[in-house]
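Student: Please give me a close look at one part of this model: the surroundings of ligand 1.

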Amino acid sequence: MLLELARKRRILFFGGKGGVGKTTVSSATALARANEGARVLLVSTDPAHNLGHLFDRRIGPQPVRLSPGLDAVEMDPEETVATHLKEVRSALHSLMPVTQHRDIDKHIELSRDAPGMHEAAILERIADVVATGSEDYDLIIFDTAPSGHTARLMVLPEMMSAWTEGLIKRREKADRFGEFVRELGSDRSIEDQTIGDSEKSEREKESKIRQILLRRRRKFSQLRDVLADKDQTSFVIVLAAERLPVLETIELHAQLGRAGINVEALVVNKRAPEGMGEFLDKRHQQEEQHLALLEEKLGQISRQDIFLQASDVLGLAGLEALAASL
Ligand SMILES: Nc1ncnc2c1ncn2[C@@H]1O[C@H](COP(=O)(O)OP(=O)(O)OP(=O)(O)O)[C@@H](O)[C@H]1O
Ligand SMILES: [Mg+2]
């Protein structure tokens, strides 16, 4: 079922609670598609990366070839924040008098650890990967950080565009006001000034800051469109067959729904196998009870169960076995 979904969509997000198997299952899905001949990019957005551990090799911000057709990237939020702040800093420096540069630098340093800074940076990188990766890859799979973080990221494009929208409006007002004051200072009449203003806006004389904001807004709203496009993008929730994870999955599904994100698959991982002794049978029965609630609330969404393996899933060899079962 997961593989079928991966054939239909261009972008897949895997989310869920910590330790449920997001990295394992998303990697196995990516490998299964690559084995069929698709060009796949696997991207970890989790600051506590574990793609590298799973594949037992170094993976960084630049794509690394893991197997034929399968590349991987681990986003580096620190580096992304640094790059972003450097850009903002140099834009501000070029706009403001030298006497204010030290104050600007101080503000930039403070915003490095501001709430949401990392999320915004990751979101910007996701937008970049989605925009540029579409040419080189048939499928992009995002292995995300545990639930809360992911859901926040998903509603962020909306918030970010609302935020930049507000800034742009304020900026436009300031521009118009500035011109108005300048025009008043000249000997032209108000009538002339009004005509002059509209001519200028027709010529789209945008201030530099406004251009930066517009570029960001465009980036976020494009991402927003791709995320909300059900033909292109889908979200997979990975969970364990336990009480809390089931409740959290129902909540995460609702949150994502509010953000316009389509959840198309649930993966119940590490299920206790049946017929392997009394202990596991009992465990299996217990799981069935918890899954009854999942079925009741989210029965309309396709579900795939993956059994608990005897040993950890490690390296390409371990993943191949899992990929073959999808
Ligand atoms: N079906 C399975 N059977 C046995 N072990 C599994 C299975 N799926 C995952 N594991 C093991 O569980 C551990 C956690 O898996 P994984 O790293 O994929 O989870 P995660 O959701 O990505 O975790 P995190 O939230 O920390 O990123 C790993 O050691 C992995 O090998
Ligand atoms: Mg992980």
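**Around ligand 1**

Tutor: Start with the backbone: an N or O atom of Gly19's main chain is 2.9 Å from an oxygen atom of ligand 1. That is a polar contact (a pair of N or O atoms within 3.5 Å). The model is predicted, so local features need pLDDT of at least 70 and side-chain atom pairs count only at pLDDT 80 or more, while totals for chains, interfaces and linings use all residues. Residues are numbered from 1 along each chain as its sequence is written, chains are lettered from A and ligands numbered from 1 in the order written, and side-chain values use heavy atoms, without hydrogens and water.

Two side chains also reach oxygen atoms of the ligand. In Thr24, a polar side-chain atom lies 2.5 Å from an oxygen atom of ligand 1. For Asn50, an N or O atom of the side chain is 3.2 Å from a ligand oxygen. On its own, ligand 1 exposes 630 Å², and the protein buries 81% of that area (Shrake-Rupley method, 1.4 Å probe).

The shell around ligand 1 holds 19 residues, each with a heavy atom within 4 Å of the ligand. Lys22, Thr23, Thr24, Asn269 and Gln309 come nearest. By kind, the shell has six nonpolar, eight polar and five charged residues; here Asp, Glu, Lys and Arg count as charged, Ala, Val, Leu, Ile, Met, Phe, Trp, Tyr, Cys and Pro as nonpolar, and the others, Gly among them, as polar.

Now the elements. At least two shell residues come from each of α2 (22–35), β7 (263–271) and β8 (302–307), which are DSSP runs (helices H or I, at least four residues; strands E, at least two) numbered from the N terminus. Helix α2 gives the largest share of the shell, three residues.

Methods
A polar contact is a pair of N or O atoms within 3.5 Å; within protein, one must be able to donate a hydrogen and the other to accept it, and residues adjacent in sequence count only if both atoms are side-chain atoms.
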